[in-house]
Amino acid sequence: MHKKFFIVTAILMAVAAGLATSASAQRPGRGFGRHSGWMLKHMAKELNLTDAQQTQIKGIMADGKTKTMPLKQQLRQNEQAENANINGTFDANQARAFAGKQAQIMTDLIVEKQRTRSQIYAVLTPEQRQKAQQLMQERQQRRQDRMKKHAAQTQQTPK
């Protein structure tokens, strides 16, 4: 039961990563604007989505973007405000207040991304879900392999 939950969560997280990529790609002045919709195209190809599924997922992703963009903006503004307050002294209470505020915004952001992922997942057929799980496992394995390779290279580098 736990294994299935983690697999589903991994799929949903990957979809969210795609959402984040897609959301940033659609913002003007970001250089990746010409690639907007890449994640949906990738999903459509890999999972063999129908036109109706693509339309539904596009709407879900757009709704998710409108909900997450203000939260991302709050994170940036909060960090900018904290950076402006750096004066060479350390105040643990101030640091904790900043961390708490950031944590609350991140919590809200994660909740919205999870909501979007679950809505997208609900659109998929059981076969598509299975294929998505397989793709997510492969992606996770590649990521772990890269991390191991990077760690090995870092340890071999003379200091």
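Asp63 is partly exposed, with a relative accessible area of 31%; the term covers values between buried (under 20%) and exposed (over 50%), taken with a 1.4 Å probe and protein chains only. Asp63 lies in helix α3, residues 51-84. Its C-alpha atom is 8.2 Å from that of Thr116, although the two residues are 53 apart in sequence.

The model is predicted: local features need pLDDT of at least 70, side-chain atom pairs count only at pLDDT 80 or more, and totals for chains, interfaces and linings use all residues. Residues are numbered from 1 along each chain as its sequence is written, and side-chain values use heavy atoms, with hydrogens and water left out.

The chain contains 5 helices and 0 strands. Helices (H or I, at least four residues) and strands (E, at least two) are DSSP runs, numbered from the N terminus. The pattern along the sequence is α-α-α-α-α. Of the 159 residues, 31% are buried. The exposed surface of the chain is about 11200 Å², and carbon and sulfur atoms supply 56% of it. This area comes from the Shrake-Rupley method with a 1.4 Å probe. Contacts are heavy atoms within 4.5 Å. Among those between residues at least 6 apart in sequence, 73% join residues at least 24 apart.

Helix α2 spans residues 38-47, and its buried residues are Met39, Leu40, Met43, Ala44 and Leu47. Seen down the helix axis, these residues fall within an arc of 135°, so they line one face of α2. The arc is that of the directions from the axis to the C-beta atoms. An α-helix has 3.6 residues a turn, so residues three or four places apart point the same way. On the face of α2 turned away from the buried side are the exposed residues Lys41 and Lys45. Asn48 follows α2 and has a positive phi, near 55°.

The largest nonpolar core has 16 residues. Such a core is a set of buried Ala, Val, Leu, Ile, Met, Phe, Trp, Tyr and Cys residues joined through side-chain atoms within 4.5 Å. Met43, Leu47, Leu49, Ile57, Met61, Ile120 and Leu124 touch the most other members. Two or more residues come from each of α2, α3, α4 (92-123) and α5. Helix α2 gives the most, with 5 residues. Leaving aside residues up to four places away in sequence, Met43 touches Asn48, Leu49, Ile57 and Ile120.

Helix α5 covers residues 126-156. Its buried residues are Gln128, Ala132, Gln133, Leu135 and Met136. At 1.5 Å a residue, its 31 residues should span 45 Å, and its end C-alpha atoms are 45 Å apart, which agrees. The expected span is 1.5 Å times one less than the number of residues.
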